[in-house]
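Let's take a walk through this protein together, beginning with one residue and working outward. Keep the structure open beside you as you read.

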Amino acid sequence: MQDMKGKDKQAEAIRVVKGLLKKVYGSQRAALETILDDLEHRPPAVAKHARHVWNANGTAKGRLTGGQRGCFDGCSGPKLGVRWPDGRMTWPCVKAMFVRKDGDWQIEKA
Ligand SMILES: [Zn+2]
């Protein structure tokens, strides 16, 4: 197990929690569902090394500035500062993005 990558550990944890969900009810079930939601939306470890964010169409690439902000109350995802080629700055939330195969972020299509 020690050579498991962060992404595989996350997938394994999701599998285990889903298995437990079939066996518990009531408040325990609600707690597990919260954990599962968090696990499924947590940025994969690989994204820590991302340097760029692509727009939803994959046609423009912005640069991560390293800045982070909290999202609205009830959202656990940080918003990441992105500087686009046209000079604009935006703050997309990681929960509205996914990690591409090349390790960069991409904004999900609405
Ligand atoms: Zn958010």
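Setting aside neighbours within four places in sequence, R69 is in contact with P78, K79 and W91. In this predicted model, R69 belongs to strand β2. Take W91 as a partner to look at: R69 and W91 are 22 residues apart along the chain, yet their C-alpha atoms are separated by 7.9 Å. Is R69 buried or exposed? R69 counts as exposed because it has 10 C-beta neighbours inside 10 Å, and a residue with 12 or fewer falls in that class.

Now let's step back to see where β2 sits. The protein has two helices and six strands, and along the sequence they follow the pattern α-α-β-β-β-β-β-β. In other words, both helices come before the strands. The six strands form an open sheet with mixed pairing, and their order across the sheet is β4-β3-β2-β1-β6-β5. At the edges you will find β4 (89-90) and β5 (97-99), each of which pairs on one side only.

With that order in mind, you can follow the sheet strand by strand. Strand β1 (residues 52-54) runs antiparallel to β2 (residues 61-70), and three bridges join them. To find one spot in this pairing, look for W54, whose bridge partner in β2 is K61. On to the next pair: β2 and β3 are also antiparallel, with five bridges between them. Here Q68 of β2 stands opposite L80 in β3. Then β3 pairs with β4, again in the antiparallel sense, over two bridges. R83 has M89 in β4 as its bridge partner.

The turn from β3 to β4 deserves a pause. This hairpin has five residues between its strands, and one of them, G87, takes a positive phi near 95 degrees. D86 is found in the loop between β3 and β4 too. Why does D86 count as exposed? The reason is that D86 has 7 other C-beta atoms within 10 Å, where 12 or fewer is the cut-off for exposed. D86 and A60 are 26 residues apart in sequence, with 9.8 Å between their C-alpha atoms.

From these exposed residues, let's turn to the interior. In soluble globular proteins, nonpolar side chains tend to be buried together. In this protein, the largest nonpolar core has eight residues: A50, V53, L80, V82, V94, M97, W105 and I107. Strands β3 (78-83) and β6 (105-107) are the elements that give two or more residues to this core. You have already met L80, the residue opposite Q68, and here L80 appears as a core member. Which residues does I107 touch beyond those up to four places away in sequence? They are V53, W54, N55, A56, P92, A96 and M97. Two of the residues on that list, V53 and M97, belong to the core as well.

Finally, consider the protein as a whole. Buried residues make up 11% of its 110 residues. Of the contacts with a separation of 6 or more, 37% are between residues 24 or more positions apart. As for confidence, the mean pLDDT of the protein is 86, and 87% of its residues reach 70 or more. Among the elements, β4 has the highest mean pLDDT (97), while helix α1 (residues 6-21) has the lowest (84).

Note on methods:
Residues are numbered from 1 along each chain as its sequence is written. This is a predicted model: local features need pLDDT of at least 70, side-chain atom pairs count only at pLDDT 80 or more; totals for chains, interfaces and linings use all residues. Two strands pair if DSSP finds at least two bridges between them. Helices (H or I, at least four residues) and strands (E, at least two) are DSSP runs, numbered from the N terminus. A residue is buried if 20 or more other C-beta atoms lie within 10 Å of its own, exposed if 12 or fewer, and partly exposed in between; C-beta atoms are placed from the backbone. Two residues are in contact if their C-beta atoms, placed from the backbone, lie within 7 Å. A nonpolar core is a set of buried Ala, Val, Leu, Ile, Met, Phe, Trp, Tyr and Cys residues joined through C-beta atoms within 7 Å. pLDDT is the predictor's confidence in each residue, from 0 to 100.
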